[in-house]
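Visitor: I'd like a close look at one part of this protein, the surroundings of the ligand. Could you walk me through it?

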Amino acid sequence: RNNAEKFEFQAEVSRLMDIIINSLYSNKDIFLRELISNASDALDKIRFLSLTDKEILGEGDNAKLEIMIKLDKENKVLSIRDRGIGMTKEDLIKNLGTIAKSGTSAFVEKMQTGGDLNLIGQFGVGFYSVYLVADYVEVISKHNDDKQYVWESKADGAFAISEDTWNEPLGRGTEIRLHLRDEAKEYLDEFKLKDLVKKYSEFINFPIYLWASKEVDVEVPTDEESSDEEETSEATTSEEEEEVEEDGEKKKKTKTVKETTYEWEVLNDVKAIWLRSPKEVTDEEYTKFYHSIAKDFSEEKPLAWSHFTAEGDVEFKAVLFVPPKAPHDLYESYYNSNKSNLKLYVRRVFISDEFDELLPKYLSFLMGLVDSDTLPLNVSREMLQQHNSLKTIKKKLIRKALDMIRKIADEDPDEDPDESSDKDKTDSVSENDEKKGSYAKFWNEFGKSIKLGIIEDAQNRNRLAKLLRFESSKSEGDRFSEITENPQEMLKVTAFNYDEVIFFTDPVDEYLMQYLMDYEDKKFQNVSKEGLNLGKDSKIKDLKESFKELTKWWKDALSAENVDSDESIKQTARLMYQTALMESGFMLSDPKDFATRIYSS
Ligand code: ADP
Ligand code: MG
């Protein structure tokens with residue numbers, strides 16, 4: 001086009017588009033839910049702005065917050081339109097092509113090593129999934145602050161933007177036109193689309209319409225003079241039923257023909273699951289709801305959820321989920337972002353998903369939403385952030401979240417109390433695994449968060465301490481038994497008797513133990529600190545005595561030339577050190593300290 005301005009995609013985006021367009025990925029359906037989710041986000045944004053500025057919505061159709069899908073079979077175009085916030089020219093350039101969002105490169109990397117395209121929405125690049133089904137895409141957009149523009153690209157490394165002088169004015173919002181590839185013609189089928197919307201976009205809080213065809217019977221007058229050969233309408237005539245009607249004195253002939261008409265058919269039932277009573281919501285509905293808010297469409301179930309109503313001074317409803325997997329950037333972004341995964345609603349209106357006031361950082365892996373009736377609706381996000389009620393909400397959310405996690409541990413502990421009896425029942429293994437796995441799985445994915453919680457949240461430290469798990473000599477697959485396979489080492493290791501050895505293997509553990517002075521009736525001490533109180537002096541003597549042989553052996557071992565490369569010596573040393581400490585009733589986190597102590601003694 002003459003007035004088109006050309007732009008190149010940022011390299012990362014271009015690579016991503018190549019991957020998508022060449023993808024043999026069979027689940028191409030995902031593009032639709034990404035587009036609907038973008039439309040819904042855009043509607044949320046305009047609705048939020050309208051809380052403080054009523055004018056912003058405009059009048060008539062413009063004020064209707066809805067999503068509309070249309071199919072043009074002849075031209076093989078599928079279009080999705082919303083009356084959301086729209087994009088200015090600058091937005092189009094920025095959002096659809098030039099600036100790499102933090103997620104892009106992470107996602108490209110994952111895709112190159114066989115990642116799951118299904119997770120595209122979680123990486124903030126969901127829009128580009130349109131190229132799974134289209135080879136040419138137009139984005140027509142009108143924002144209140146700008147003229148109407150068309151963004152277009154054939155995924156060939158470039159896109160163009162033109163002022164829109166030929167399409168119908170949108171009023172406000174965005175229309176995405178997908179020129180479908182031949183292999184993607186199935187998306188012109190109304191039934192297919194209805195199905196997809198049901199499947200993926202059930203929890204969208206705005207009505208989704210389809211311009212759907214409908215066969216209707218219409219009666220048309222026939223001309224008596226002209227014979228049967230002539231059809232009266234362009235509609236397809238199926239059965240032809242001649243009727244003679246009494247109309248006063250005149251006699252008129254009519255016939256019934258089938259005609260295809262079109263009308264907007266609503267596809268979703270706009271319901272807020274969190275407003276329903278928890279008793280009435282099925283597990284399947286919670287799982288689906290989780291998938292939709294987490295943009296996680298793997299089949300995995302959340303590890304746990306909690307749906308509750310808080311009453312009192314501050315009233316709110318909330319649904320919290322523990323995802324089955326940690327998000328890809330959970331700890332990566334931990335210290336430099338406040339990314340929360342909780343959506344805040346006030347009286348059913350989406351306010352924000354960027355509230356760091358709702359949950360502490362260490363619980364940022366939780367997904368869900370909070371809908372409060374107590375918070376004021378028509379104040380800015382910043383003012384809301386200061387609101388006193390938020391503190392109360394936060395406190396209650398933490399309490400509920402920790403209860404929920406505690407429940408996973410109680411109901412699904414990682415140790416199986418009745419292990420031996422299951423051993424021969426091979427066919428029950430998978431079921432048993434699942435039963436056994438939940439807390440272990442939780443710990444594996446989010447254990448670090450609990451540790452960070454101990455460090456950061458003094459108020460809930462005791463509650464969090466109960467959620468800690470460490471590998472120990474009692475746990476399954478323990479290192480102790482591995483090491484004792486070497487008889488020479490076994491000789492020395494088994495010389496000690498111990499109750500349980502706890503392994504601190506994570507770098508954060510040492511730091512953690514500075515915050516955890518005691519647990520139930522046990523006090524911890526750090527041996528590497530000055531002023532260590534080992535209790536009775538005789539105990540130290542006893543220790544020295546019982547470690548005499550070890551000390552000598554270790555001195556020799558340490559002076560051996562290949563000590564650095566000999567992993568087993570180090571491992572044994574470490575184990576012994578921990579054994580010794582456990583025996584004396586203390587825990588330590590750094591084997592080096594111990595080695596130094598023994599060596600220097
Ligand atoms: P995400 O939705 O995670 O931000 P996407 O790739 O799906 O990532 O979309 C990129 C951006 O493009 C969005 O953040 C939004 O700013 C803009 N966008 C996409 N679709 C629309 C739309 N229908 N209306 C307004 N803005 C949109
Ligand atoms: Mg999106």
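To get my bearings, how many helices and strands does the secondary structure of the protein come to?

Guide: Sure, and keep in mind that this is a predicted model. The count is 18 helices and 19 strands. The protein has 601 residues, and 29% of them are buried. If you take contacts between residues at least 6 apart in sequence, 72% of those join residues at least 24 apart.

Now for the ligand. Around ligand 1 there are 17 residues, and the closest are N38, A42, N95, G126 and F127. Two elements give two or more residues each to that shell: helix 2, which runs over 30-52, and helix 3, over 89-98. Helix 2 has the largest share, with five residues. Sorted by class, the shell splits into seven nonpolar, seven polar and three charged residues.

Helix 3 is worth a longer stop. Besides giving residues to the shell around ligand 1, helix 3 has L92, L96 and G97 as buried residues. Looking down the axis of helix 3, you'd find these buried residues within an arc of 75 degrees, so they line one face of the helix. And what sits over them? The cover for the buried residues of helix 3 includes helix 1 (11-21) and strand 1 (5-8), along with strand 4 (134-142), strand 5 (148-153) and strand 6 (158-163). So for helix 3, you have both a part in the ligand shell and a buried face lined by L92, L96 and G97.

Definitions and conventions. Residues are numbered from 1 along each chain as its sequence is written. Chains are lettered from A and ligands numbered from 1 in the order in which they are written. This is a predicted model: local features need pLDDT of at least 70, side-chain atom pairs count only at pLDDT 80 or more; totals for chains, interfaces and linings use all residues. A residue is near a molecule or strand if its C-beta atom, placed from the backbone, lies within 6 Å of it. Helices (H or I, at least four residues) and strands (E, at least two) are DSSP runs, numbered from the N terminus. Ala, Val, Leu, Ile, Met, Phe, Trp, Tyr, Cys and Pro count as nonpolar, Asp, Glu, Lys and Arg as charged, and the others, Gly among them, as polar. A residue is buried if 20 or more other C-beta atoms lie within 10 Å of its own, exposed if 12 or fewer, and partly exposed in between; C-beta atoms are placed from the backbone. Two residues are in contact if their C-beta atoms, placed from the backbone, lie within 7 Å. The arc is that of the directions from the helix axis to the C-beta atoms.
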